[in-house]
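These are my notebook entries from a reading of one structure. I set down each item I looked up and what I found there.

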Amino acid sequence: RAKDGGRGQMCLYEPLMDEKIERSRTLAAEMQDALERGEFHLVFQPIYDLSGQRILSCEALLRWTSRNYGPISPAEFIPIAEDNGLIVAIGSWVIREACRLASRWPAEVKIAVNLSPIQLRAHNLPSVIVGALAASGFAADRLELEVTESVLLEDVEASLAALDAINRLHVRTTLDDFGTGYSSLSYLTRFPFQTLKIDRSFIADLEQNPASVAIVQTVIDLAAKLGMRTVAEGVETQAQLDQLRRTRCDAVQGFLLARPIPAEQVTALFAEAAGGRDEGVRAQARP
Ligand code: C2E
Ligand code: MG
Ligand code: MG
Ligand code: MG
């Protein structure tokens with residue numbers, strides 16, 4: 001097609017490519033100032049126990065509202081920040097900010113922070129973590145760092161060393177988006193994760209596809225045998241939640257239970273729960 005399409009085809013493709021590259025350049029150039037101007041903020045999505053009543057942890061999710069370009073999704077700006085190296089500065093800010101905000105929450109609630117592979121392998125990661133914990137007074141074992149599966153195999157030895165360094169600080173690690181990468185199950189025994197987060201593509205498939213039920217069940221059972229907890233991400237329907245209760249994962253996260261919300265709303269949730277009863281954090285976050 002490209003051949004017989006001639007100039008017409010080129011015209012169709014080139015402006016789109018140019019626009020994309022142009023926008024990436026613009027955002028890349030904007031990012032450093034945006035960080036200094038305070039244009040980034042965190043929202044938090046609660047992670048619940050299977051009853052859906054108790055918040056076990058909250059995942060910090062980064063948001064950028066640019067004064068020049070409006071809201072930009074992390075799916076768009078994080079790859080750009082990884083390309084231009086700013087992810088290390090932005091990611092360090094995320095760790096500090098997450099610890100600062102979460103230090104006001106009940107002591108039984110953990111906080112999950114996403115790590116870019118570039119951050120994972122940056123030599124300053126342990127000192128960034130130690131600094132964030134010291135500045136906030138947040139306990140190390142309440143911090144969970146999430147690493148996406150697909151990155152581990154790019155450099156197994158470096159990833160292992162970095163994860164070990166994190167675990168030596170008593171900070172927990174979570175394997176995020178499990179099932180989307182290429183790692184074989186045997187890798188689970190090599191990497192020292194405390195928690196495994198099952199990718200939402202399997203959860204979305206639970207109702208239609210019996211094979212997905214079998215896969216999810218197998219992953220949960222294997223994780224349990226290896227001493228890891230399991231979280232199901234992207235739970236959107238009651239039927240999915242019911243299925244997950246039968247397969248007995250440890251925790252659930254998704255729009256059905258709560259959307260990502262600003263830090264003040266999380267604090268309010270916990271204040272409400274504390275005013276009610278004394279048996280830990282019970283709450284329902286609604287959009
Ligand atoms: P993730 O770590 O897998 O985070 C979960 C994403 O799924 C979030 O999107 C969340 O809003 C969305 N989500 C949660 N529940 C549901 C659901 O029930 N249905 C659907 N369809 N989606 C759901 P978000 O906030 O747009 O983040 C996208 C990705 O960007 C994250 O995926 C993570 O990989 C990355 N990210 C976000 N914040 C950070 C950060 O601070 N640092 C780094 N390195 N990456 C981040
Ligand atoms: Mg995550
Ligand atoms: Mg995930
Ligand atoms: Mg995901």
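**Entry 1: Aspartate 177**

I began with aspartate 177, which I located in strand β6. The model is a predicted one, and I keep that in mind for every value below. I looked up the backbone angle and found that aspartate 177 has a positive phi of about 55°, although it is not a glycine. Is aspartate 177 buried or exposed? Its relative accessible area is 19%. Aspartate 177 therefore counts as buried, since the cut-off for that word is under 20%.

**Entry 2: The magnesium ion that aspartate 177 helps to hold**

I next asked which residues coordinate the magnesium ion (ligand 3). They are Asp176 (OD), Asp177 (OD) and Glu233 (OE), at 2.0 to 2.6 Å. Along the chain I noted that these donors follow the spacing D-D-x55-E.

**Entry 3: The other magnesium ion**

I then turned to the magnesium ion (ligand 2). I found it coordinated by Glu59 (OE), Asn114 (OD1), Glu146 (OE) and Asp176 (OD), at 2.0 to 2.2 Å. I wrote the sequence spacing of these donor residues as E-x54-N-x31-E-x29-D. Distant parts of the chain are linked here: glutamate 59 belongs to strand β2 (residues 55-66) and aspartate 176 to strand β6 (residues 172-178), 117 residues apart.

Which residue bridges the magnesium ion (ligand 2) and the magnesium ion (ligand 3)? It is aspartate 176, and the two ions lie 3.7 Å apart.

**Entry 4: Burial of the donors**

I looked up the accessibility of several donors in turn.

- Glutamate 59 has a relative accessible area of 6%, so I recorded it as buried.
- Aspartate 176 counts as buried, because its relative accessibility is 5%.
- Glutamate 146 is buried as well, with a relative accessible area of 2%.

I placed glutamate 146 in strand β5 (residues 143-148). Its side chain also has a partner in the protein: a polar contact of 2.7 Å joins it to the side chain of lysine 197.

**Entry 5: Ligand 1**

My next subject was ligand 1. I found 21 residues around ligand 1, and those that come nearest are Arg63, Asn114, Asp176, Glu236 and Phe255. Two of these names were already in my notes, since Asn114 and Asp176 are among the donors of the magnesium ion (ligand 2).

Which elements supply at least two residues each to the shell around ligand 1? I listed β2, α2 (74-84), β4 (110-115) and β6. Strand β2 gives the most, with four residues.

I then searched for polar atoms facing ligand 1.

- Glutamine 45 has a polar side-chain atom 3.1 Å from a nitrogen atom of ligand 1.
- Serine 116 offers a polar backbone atom, which is 3.4 Å from a nitrogen atom of ligand 1.
- Arginine 200 has an N or O atom of its side chain 3.4 Å from an oxygen atom of ligand 1.

How much of ligand 1 does the protein bury? Taken alone, ligand 1 exposes 800 Å², and the protein buries 82% of that. I also noted that the space taken by ligand 1 is the largest pocket.

**Entry 6: Glutamine 240 and glutamate 236**

Glutamate 236 is one of the residues that come nearest to ligand 1, and I looked for a contact made to its backbone. The side chain of glutamine 240 reaches the backbone nitrogen of glutamate 236 at 2.8 Å. I placed glutamine 240 in helix α9. Glutamine 240 counts as buried, because its relative accessibility is 4%.

**Entry 7: A second positive phi**

I returned to the topic of my first entry and looked up arginine 248. Its phi is near 60°, a positive value in a residue other than glycine. I found arginine 248 in the loop between α9 (238-247) and β9 (251-252). Is arginine 248 buried or exposed? Its relative accessible area is 63%, so I recorded arginine 248 as exposed.

**Entry 8: Arginine 25**

I closed with arginine 25, which is found in helix α1 (residues 2-37). Its relative accessible area is 55%; the word "exposed" requires over 50%, and so arginine 25 receives that word. How far apart are arginine 25 and isoleucine 80 in sequence and in space? I noted 55 residues in sequence and 8.5 Å in space, C-alpha to C-alpha.

Definitions and conventions: Residues are numbered from 1 along each chain as its sequence is written. Chains are lettered from A and ligands numbered from 1 in the order in which they are written. This is a predicted model: local features need pLDDT of at least 70, side-chain atom pairs count only at pLDDT 80 or more; totals for chains, interfaces and linings use all residues. Side-chain values use heavy atoms; hydrogens and water are left out. Donors are N, O and S atoms within 2.8 Å of the metal (3.2 Å for Na, K and Ca); water is not among the atoms, so sites may look incomplete. Buried means under 20% relative accessible area, exposed over 50%, partly exposed in between (1.4 Å probe, protein chains only). A residue is near a molecule or strand if one of its heavy atoms lies within 4 Å of it. A polar contact is a pair of N or O atoms within 3.5 Å; within protein, one must be able to donate a hydrogen and the other to accept it, and residues adjacent in sequence count only if both atoms are side-chain atoms. Accessible areas come from the Shrake-Rupley method with a 1.4 Å probe; for residues, only the protein chains shown count as cover. On a 1 Å grid over the protein atoms alone, a cavity is a set of points where a 1.4 Å probe fits but cannot get out, and a pocket is an open set with protein on both sides within 12 Å along at least five of seven lines; lining residues have an atom within 4 Å of a point. A molecule sits in a cavity or pocket if more than half of its atoms lie within 2 Å of its grid points.
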